[in-house]
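Thanks for coming. I will take a few minutes to walk through one structure, starting with the overall picture and then going to some details.

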Amino acid sequence: MQEKQQKIFNAAQETFSELGFKGTNIAKITQRAGVAVGTFYRFYSAKEEIFIQVYAAENNRVKQEVLNANDLNEDPRILLPKVMRQLMKQATNSLVLQAWYTNPKLKQLIKDDSSVQEDFMYHTVFQLIKRWQQNDLLRPEMTMARIQQLFEALIVVDNHQDELPSGDFDQLVTDLVQGILDRILK
């Protein structure tokens, strides 16, 4: 990145992290970067465009932080729920990741951008599953397509949690994850 573009990106990253997507505007980003608004438009067409780059960086940072904080050789039945809880905690604490989750327009823009891995949870889970496959921990009849289908069902449940009877949703997800792990692991 050019020096000015890097300054703008850094300023956007800080501003989105502190104020969220709605609280951030181009004037705040350029003021923090110490550049003119016109300079912003030399590199980015809109606030959404730079947000997608900031989201991608935050998404990668969180995934790496969580993976680095864990022993990836730990029993998958213990590791996966722990990693998922840590990822959810990070998402809850990050205004950047919250914007992806709560803003349908941003979610669609990110989904449409092939250079960005949309869902930090899903991608991280599949990194672990591929590792387990390489270490021969998966049942032989469980194809990656079947495993993917099982975890995609969790995403559907998450997207429709308001339609479920009231109760402890976190415990429900934990129970479903344990059931999936019991099904896919040897």
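First, a word on terms: a helix here is a DSSP run of H or I with at least four residues, a strand is a run of E with at least two, and both are numbered from the N terminus. Counted that way, the protein has ten helices and zero strands. Read from the N terminus, the order of elements is α-α-α-α-α-α-α-α-α-α.

Please keep in mind that this is a predicted model. The mean pLDDT of the protein is 92, and 97% of the residues reach at least 70. Among the elements, helix H2, residues 26-33, has the highest mean, at 98, while H7 has the lowest, at 85. As a general caution, where pLDDT is low, the predicted coordinates should not be read in detail.

Now the overall dimensions. The C-alpha trace spans about 60 × 40 × 25 Å along its principal axes. There are 186 residues, and 38% of them count as buried. The exposed area of the protein is about 10,500 Å², with 50% of it supplied by carbon and sulfur atoms. As for contacts with a separation of 6 or more, 66% come from residues that are 24 or more positions apart.

Next, the charged pairs. How many salt bridges does the structure hold? The count is nine, and I will go through three of them.

The first is between the side chains of Arg32 and Glu18, at 2.9 Å from N to O. Arg32 belongs to helix H2 and Glu18 to helix H1, residues 3-19, so this pair ties together parts that are 14 residues apart in sequence. Arg32 counts as partly exposed, because its relative accessibility is 35%. Glu18, with a relative accessible area of 51%, is exposed. This pair also belongs to a network of salt bridges that links Glu14, Glu18 and Arg32.

The second joins Glu74 and Lys82, whose closest N and O atoms are 2.8 Å apart. Both ends fall in the middle class: Glu74 is partly exposed at 22% relative accessible area, and Lys82 is partly exposed at 25% relative accessibility.

The third is Lys186 with Asp136, where the closest N and O atoms are 2.9 Å apart. Here the pair links distant parts of the chain, 50 residues apart: Lys186 is in the segment after H10, and Asp136 is in the loop between helix H8, residues 120-134, and H9.

Let me turn to two loop residues. Is Asn103 buried or exposed? Asn103 sits in the loop between helix H6, residues 95-102, and helix H7, residues 104-112. The cut-off for buried is under 20% relative accessible area, and Asn103 has 18% relative accessibility, so Asn103 counts as buried. Its side chain reaches the backbone nitrogen of Lys105 at 3.0 Å.

The other is Leu164, in the loop between helix H9, residues 144-159, and helix H10, residues 169-184. Leu164 has 35% relative accessibility and therefore counts as partly exposed. Together with Leu172 and Leu176, Leu164 makes a nonpolar surface patch of about 200 Å².

To recap: the predicted model has ten helices and zero strands, nine salt bridges, and a nonpolar surface patch made by Leu164, Leu172 and Leu176. That is all from me.

Methods. Residues are numbered from 1 along each chain as its sequence is written. This is a predicted model: local features need pLDDT of at least 70, side-chain atom pairs count only at pLDDT 80 or more; totals for chains, interfaces and linings use all residues. Side-chain values use heavy atoms; hydrogens and water are left out. Patches are made of residues with over 30% relative accessible area and no salt bridge: like charges are joined within 9 Å, nonpolar side chains (Val, Leu, Ile, Met, Phe, Trp, Tyr) within 5 Å. Accessible areas come from the Shrake-Rupley method with a 1.4 Å probe; for residues, only the protein chains shown count as cover. A salt bridge is a side-chain nitrogen of Lys or Arg within 4 Å of a carboxyl oxygen of Asp or Glu. Buried means under 20% relative accessible area, exposed over 50%, partly exposed in between (1.4 Å probe, protein chains only). A polar contact is a pair of N or O atoms within 3.5 Å; within protein, one must be able to donate a hydrogen and the other to accept it, and residues adjacent in sequence count only if both atoms are side-chain atoms. Contact means heavy atoms within 4.5 Å. pLDDT is the predictor's confidence in each residue, from 0 to 100.
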